[in-house]
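Colleague: I'm new to this one, so could you walk me through it and tell me where the labels come from?

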Amino acid sequence: MAQGLGRPFRAFAAMGRKYGVEWWILMFGAAVIAVIVFMAMFPHTLAPFDPFSQEAGPQLANPGGPHLMGTDNLRRDVWSRIVFGSRTILGVSVLAAVISSLVGIFFGLLSGYAGGLVDRGLSLVMDAVYVFPGLILAIALAAMFGPGVINITFAVAVIYIPTYFRLVRGQTLAIKQELYVEAARAIGAGSPTILMKYIFPNVIATTVVVFTLNVADAIMIEAALTYLGLGLPPSVVDWGMDLAMGKKYLASGQWWLITFPGLMISTLALGFTMLGEGLAEILNPRLLER
Amino acid sequence: MKNLLRYIIARTLMTIPMVFILLTIIFVVLRLMPGDPVSAMLGGHAPEKVIEQKREELGLNKPITAQYVDYLWQVSHLDLGDSMVLQQKVTVAIREKLPATIELTTFGMIITLFLGVLLGAYAADKRRQAQDSAIRLYGIVIYCIPVYWMGLMLQLLFGIWLDWLPIAGRTGPRIFASDFEYTGFYLFDTLRVHDFEAFRDVLVHLVLPSLTLGLSLSGIFVRLTRANMLDVLKADYILAASARGISHATIVYRHALKNAFIPILTMMGLQVALLMAGAILTETTFSWPGMGRLLLERIYLRDYPTIQGVIIVFALIVAFISLLVDIIYAVVDPRIRY
């Protein structure tokens, strides 16, 4: 039994020796994400109260006792709201990153492969969106769409499309010139085959790192939108919304209402950033360091 | 010199399509997305006739292409229309709020550059040592702290617990902006009328918001500076300098940093977007009466012309600064002129 556990552990430690600090950064990030994903998947095992219950305890109770992180002005348990709130922020930010990566990769492949006018036009539009402040675009979209989980997801997703587009387009341009692509064309492979079988698999590897860092950023944008009062109806539990609510009690000294939701947003973003940083160093040591 | 002038003109012309596309994107987002501004503003129960009248007034009953042409025509004349809620031209509202945002972002940027560039250069100098790891960790962690939460925590620490600094607004309760307001840049305005008490008050109010913004963006600059410094420190001329016996500190902080600064400058153009986003969030946290507050207040009021106007101004600022950065780049580095 001890041997059974020992082997994976030794392999683990060997990886640590091989890659150094980067391996531990990656593992730290993965561990943070794992804990919060667990929170989101099994909230009932961790939350002692219903997140909406206005009878969880006294009003604005200090952290401690039955209320790990205190209670808010509506007598709701802050810790329970944190646990349930993880579902919203994780769901929105990961889904937004999935949507923008799919759209961005598709147009990036198309633009890089087709070239010509299609490429010119797409690049112009994507570059314009890229330089424009993402948050402002997301604010405008969220304001137009109105509150809703799906709406905020789209508002966040739109602003990251150019990131994937630029990355994939650049790589497609380079890979297009490779000998094996020429060889594929010589044996009569059509454009869809070349794109899917020869170019796409080579492009996808680098987008993994970008995807992870993108989720980290999306987490902060999602919380920013809800902090500003945009994007979600009050019937949803959300860290950014709780932060905005707690802001009203800052002057009277109820520090726990802003400290814990904000700490969670930062920790989750940090988890994804560290995962991304670690992956980047291990997959391609020269990507970040140069 | 002639080359430089040609480059500047060519680069300026290049911003035209970019601005045009940005304006089009704004139009698409604000006019083509679901949701009718007029019924949203008047509420769902307004009589059909009133809604029709308002739509006519705003030109919203015209075909979308005509609206688009009108919109571009207006913007090209720097006319952003009238507010739908207040009897006020949008340009007047923006003129009133823009200085507050510029003051905040300028000081934020100064703090960011100072912190980020110095820490980044130091980390590169101490590569792979404990200081380097500590600074890199600082960069990552600070990047992951959302600017609005950092603002709240600084408010809690310096405003409530230590009670050192004010946490809201541009002036205290006993200072009246109407006494000195001239350009809207309060630091300048107070000095203009030699009101040093007000100047001190304005400065004190600026500390926490600009520190929040500056700290928050410094993480990115630590990383940029460090990466560029590492490249530069590998260059032959650095080796040559040390062979000549120039002191290590002079090499790193004079020779290397100067050369590393050029790419940092270009990156700054891209960071302007982050600076704007950071400003909007910081303004909300600190009740700072700038463009971000204006945008959000008008979003709650559904004042479409003002929302549109504010976003257009942000787009123009971004386009202008990226133009400016490229021109400075060309002036500083003669290798750039094509």
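Modeller: Happy to. This is a predicted model, and a good place to begin is helix H9 (residues 196-233) of chain B, which packs with helix H11 (residues 248-285) of chain B at an angle of about 155°. Their axes are 9 Å apart.

Colleague: What makes H9(B) and H11(B) roughly antiparallel to each other?

Modeller: Set the angle against the cut-off: angles over 145 degrees count as roughly antiparallel. The pair packs at about 155°, and H9(B) and H11(B) are therefore roughly antiparallel. The crossing of H9(B) past H11(B) is right-handed.

Colleague: Which classes of residue make up the contact of H9(B) with H11(B)?

Modeller: There are 17 nonpolar and eight polar residues in that contact, and no charged ones.

Colleague: How do you know that helix H3 of chain B lies largely in the open?

Modeller: Count its buried residues. To be buried, a residue needs 20 or more other C-beta atoms within 10 Å of its own. In H3(B), residues 48-58, the number of buried residues is zero out of 11, so the helix lies largely in the open. Right after H3(B) comes Gly59(B), with a positive phi near 75°.

Colleague: And how does chain B look as a whole?

Modeller: Chain B has 13 helices and zero strands. Of its 338 residues, 39% count as buried. Its C-alpha atoms fill a box of roughly 85 × 55 × 40 Å along the principal axes. Take the contacts in chain B between residues at least 6 apart in sequence: 73% of them join residues at least 24 apart.

Colleague: Let's switch chains. Why is Gly121(A) called exposed?

Modeller: The cut-off for exposed is 12 or fewer C-beta neighbours within 10 Å. Gly121(A) has 12 inside 10 Å, so Gly121(A) counts as exposed. Gly121(A) is found in helix H5 (residues 116-131) of chain A. Ser111(A) is 10 residues from Gly121(A) along the chain, and their C-alpha atoms are separated by 8.9 Å.

Colleague: How many residues does each chain bring to the contact between chain A and chain B?

Modeller: Chain A brings 39 residues and chain B brings 40. On the side of chain A that touches chain B, the helices that each supply at least two residues include H5, helix H6 (134-145) and helix H12 (256-283) of chain A. By class, that side of chain A has 30 nonpolar, six polar and three charged residues.

Notes: Residues numbered from 1 in each chain as written. Chains lettered and ligands numbered in written order. Predicted model: local features only at pLDDT ≥ 70, side-chain atom pairs only at ≥ 80, totals over all residues. Helix = DSSP H or I, 4+ residues; strand = E, 2+ residues; numbered from the N terminus. Contact = placed C-beta atoms within 7 Å. Axes fitted to C-alpha atoms, helices over the stretch in contact; angles between N-to-C directions. Parallel < 35°, antiparallel > 145°, perpendicular 65-115°, else oblique. Left-handed = near helix turned anticlockwise from the far one by under 90°. Nonpolar A, V, L, I, M, F, W, Y, C, P; charged D, E, K, R; others polar.
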